[in-house]
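Please open the structure in your viewer and keep the selection panel at hand. The tour proceeds by selections, each followed by a description of what is found there.

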Amino acid sequence: MATAGTDVQPGVSESSTTGHLGPDSRRRHLRRELGRAWKYRELYLLLLPAILFFVIFRYIPMGGLVMGFQNYSPVRGFLGSPWVGFQHFETLFALPKFLEVFRNTVIISLYKLFIGFPVPIIFALLLNEVRHLLFKRAIQTVTYFPHFLSWVVYGGIMVLFIGPGGAVPEGLEAIGLKMPALLVNPKYFRTILVITNIMKEFGWAAIVYLAAIASIDPSIYEAAMVDGANRLQQARYITLPGLRGIMGIVFILSMGNILEAGFEQVFVMYNPAVYAVGDILDTYIYRIGLVDGRFSLATAVGLFRSVIAAIMIVMTNYILKRADQPTLW
Amino acid sequence: MKRAKLCLPLIIVSLVLLSACAPAPAATTQEEMAEDVTVVYLGIGDSWVSDNEWVGLIEEGSGVDMDYQFVPSPEYDEKRNVLMAAGDYPDVIRINPTTRQFKQYLNDGLLIPIDEYLDKYPTVRDAFPAEVWENNRQADGMIYHIPRLTGNLPRCLHYRTDWLEKLGMDEPTTLAEFRTFLERVRDEDPGNIGDPLIPFVPNRLDNVTWSMEHFLGAHGVDHLAWVPSPDNPDQLVFANTLPALKDGLQWVRELFADGLMDPTFMVATDRGLFKFYAGNTAVTSDWPRFQHFRLEAIRNAHPDANADTGYICSLTGPTGIASGPMVVPNAQSTGTALTIAATAAEADAFFRVVNWQYTEGWELMTVGVEGITYDLVDGVPVTRGRDAILNDNPQYDLYSRDYLFKNEPPAYFDYQRDNVKWIDVSDEMMGYVQGVLKEALEEKRHINYLVDRDDETILNDLGALHSLANEFAARVVLNPDLDIDAEFESFLAALEANNLAGVTEAVNALNDIETINAMAAAIMSPDDGLE
């Protein structure tokens, strides 16, 4: 029975007035959606490889997480391996090495985040002020080029430059200065990781900020100039607020990577002398998983890391939402 | 029609995804017999060149098709583990039977027992002493691998005797004299090398043991060994907990700080040995059996240098202790095991190859091909230099052959000892090295008493102790500012936190000092092939 005052369509049952569709409406709704999808089929087709990538390489492998709760044997497989519950997690948390690598991972990630986060922003602001187009593009190309080098190459170059017998220490020694052994001294190793990471990535990271700056209405700048604002004031009162949204999103995503301190970089640059400060969760997973063949324990570490990352993203999104800042959702 | 067009890509995607979920093919049963088999062998080889003549000669001689796949040693464990986890089992693998990984493969049923093949091929069985086979039986009473015992020319210090002569020095016998030699090399550059000169380069720059064993040994500490406690000779302790370690590391630290050791130690991943090959280094760590290889390379790099080399296998430390190569009685290096991928036909075929290597193929596997890899001099085969072989017949490179003969029986080492010219080692050198070994063993020095490791605690926790010991050594040597006493205390605390007590208890429960002393004494006996 229709409720008085409600706008009930023919063929729509009473329940539709409270939000539930009848079968006919559901079919019509589905046809409408599929039609819309067909209308934009090229865009969906463009999206398909990315979706497939995530489905094949991210979602399907999630099934393997069950290894973290088993004494996994490749011979017995997932269905045949004995279930041990949280035993590997208990073992993990009791391992002194785990606490060390966890601490290293968080510290290195936080260093990279809080020191590395402002650099591409500042660079984008500075680059935005450059008027000479050719120079601007040259700088942009030179600075984001290292992003495309793998850490095997870039890290190898860094080791050659600043490692023992490298160009930098040899050059300094030639002018009477002695450079400390940066790559083998636990005091300096994390700093080297952070600095080399910034050098490699700041140019690429600045691209999103440059794009955000380009999207700011130029008339606002014109109005500010009319009001007598200088460049610094324009950057402070117009550009930075305009970047707030993208900064928030990048920050949230960075918090999700808080337990990824950069496997490739650390693996290429570390050595036993700095394991105590440089060994991270990923390098630990690599050693116990692939080299030692302890797949279950390695899976437990990986799962722990992913859970923490998910919690960090949710928490950060929530905090920013409460602060009325742009968020992911 | 529209719905069908939409569904089609979805069906295709689903099929692709489902095919990715297909299980790995199951291993074939043991009962299957085939006439034509190819045995897949996964081995360790840093300089493996697949395009060599040796594979063909082995196949021709043994009548077995072999698919040799070699992986560089730093990557081997990882590669093997990944293959085994993926179900892509080679027929034959190399694995150290004292490792946790071997036990895991056993527990997972990935290895097959070889007892029936040892019975079928008594030459292979008789190539090793009966007690070796008995010591290698697993809990179920079966044998799962062909052992590989260590040789009788252990790692020593390989040095330039021509440089020593130019400096007017005698061969160093103490650490102090050795350091003086390195200092004079650095200061006087007897080889006129110039900037690339490095007095001492460890054979492997990323390996603490190969870099420091002789120096630490001369201070009374055999790196990573288990030795009788000075306070309680009936109790075994981890050698790296001895306070003398600090003195040894301090010595090496000063060597490094004073520019006498390669500055890329622990940072570079390449072989320091190649710098010795290039003739830029006075000393490296090396095995005497390769002397002719190294010397030939140096002479090619510096034809006018009249280069010559020698070995130092023992240096006396400040407290009168003489260093020497560490010996593990009944030492087990990387053995050879068959996996469940090997059908009965393939397992039998592999043993035919091993049997052939020990019989008709013995000459090929030890000296090679006359006129190509060796010449007969007074009836004794004398190996040609590696560079000479590479120049004239690169497909006969001896390194490639050595990778194919990793199942050396003790008789191989007896053959080495009795035919030193074959390995181009002089009688004098062999006598010297054997003398150092004999003296050390008689005085029960430089023995690692961790012979039996078949215990869960040892298998699970020993690796962590080793890692900590290597990290501590590297950290102290490379950082002159670190307070070595404070670091040592932290190191001991870290060992305790990683179950040193539990491992110590397990080691002592399994390894009786008297029994192992007797095994060590038997090593140098001419009647016992154990080396």
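The stops below take each chain as a whole, then its domains, and then individual residues.

**Stop 1: chain A as a whole**

The model is a predicted one. Select chain A and display it as a cartoon; 16 helices and 0 strands will appear. Chain A is more spread out than a compact globule, because its radius of gyration is 27 Å, well over the 20 Å that the globule rule gives for 329 residues. When the view is aligned with the principal axes, the C-alpha trace of chain A spans about 95 × 75 × 35 Å.

Next, colour chain A by accessibility. Of its 329 residues, 38% count as buried. The exposed area of chain A is about 19,000 Å², with 68% supplied by carbon and sulfur atoms. Among contacts in chain A with a separation of 6 or more, 64% are accounted for by residues 24 or more positions apart.

Then show the charged side chains of chain A. There are 28 positive and 20 negative ones, and the centres of the two sets lie 2 Å apart.

**Stop 2: the domains of chain A**

Select residues 21–63 of chain A for domain 1 and residues 94–322 for domain 2, following the domain assignment. How far apart do the C-alpha centres of these two domains of chain A lie? The separation is 35 Å.

**Stop 3: chain B as a whole**

Move to chain B, where the secondary structure comprises 23 helices and 12 strands. Of the 531 residues in chain B, 57% count as buried. Chain B exposes about 21,900 Å², of which carbon and sulfur atoms supply 50%. For contacts in chain B with a separation of 6 or more, residues 24 or more positions apart account for 76%.

**Stop 4: the domains of chain B**

Each domain of chain B must be selected as two segments: domain 1 is 38–149 + 330–410, and domain 2 is 156–326 + 453–510. The contact between them takes 15 residues from domain 1 of chain B and 14 residues from domain 2 of chain B. Taken over C-alpha atoms, the centres of domain 1 and domain 2 of chain B are separated by 30 Å.

**Stop 5: B:Lys103**

Select helix 4 of chain B, residues 100–107, and show the side chain of B:Lys103 within it. Is this lysine, B:Lys103, buried or exposed? B:Lys103 counts as buried, because its relative accessibility is 13%. To see its surroundings, add B:Pro97, B:Gln138, B:Asp454 and B:Leu459, which B:Lys103 touches when residues up to four places away in sequence are not counted.

**Stop 6: the loop between helix 10 and strand 6**

Continue to the loop of chain B between helix 10 (208–217) and strand 6 (226–228), where B:Leu224 is placed. The phi of B:Leu224 is near 70 degrees, a positive value in a residue other than glycine. Most residues other than glycine have a negative phi. B:Leu224 counts as buried because its relative accessibility is 14%.

B:Gly220 lies in this loop between helix 10 and strand 6 of chain B. With 31% relative accessibility, B:Gly220 counts as partly exposed. Add B:Leu242 and B:Ile321 to the selection: B:Gly220 is in contact with these residues, leaving aside its neighbours within four places in sequence. For a long distance, draw a line from B:Gly220 to B:Ala341; they are 121 residues apart in sequence and 46 Å apart in space, C-alpha to C-alpha.

**Stop 7: B:Met266**

Select the loop between helix 11 (244–257) and helix 12 (273–277) of chain B, and centre on B:Met266. Although B:Met266 is not a glycine, its phi is positive, at about 75 degrees. B:Met266 is buried, with a relative accessible area of 4%.

**Stop 8: B:Val436**

Finally, select helix 19 of chain B, residues 427–442, which contains B:Val436. A relative accessible area of 13% makes B:Val436 buried. Which residues is B:Val436 in contact with, leaving aside its neighbours within four places in sequence? They are B:Cys313, B:Ser314 and B:Pro325. B:Val436 and B:Cys313 are 123 residues apart in sequence and 6.9 Å apart in space, C-alpha to C-alpha.

Key:
Residues numbered from 1 in each chain as written. Chains lettered and ligands numbered in written order. Predicted model: local features only at pLDDT ≥ 70, side-chain atom pairs only at ≥ 80, totals over all residues. Heavy atoms only, no water. Helix = DSSP H or I, 4+ residues; strand = E, 2+ residues; numbered from the N terminus. Rg over C-alpha atoms; globule rule 2.2 N^0.38 Å. Buried < 20%, exposed > 50% of the residue type's maximum accessible area, 1.4 Å probe, protein only. Contact = heavy atoms within 4.5 Å. Areas by Shrake-Rupley, 256 points an atom, 1.4 Å probe, with all protein chains shown as cover. Lys, Arg positive; Asp, Glu negative; His and termini not counted. Charge placed at Lys NZ, Arg CZ, Asp CG, Glu CD. Domains from an automatic or database assignment.
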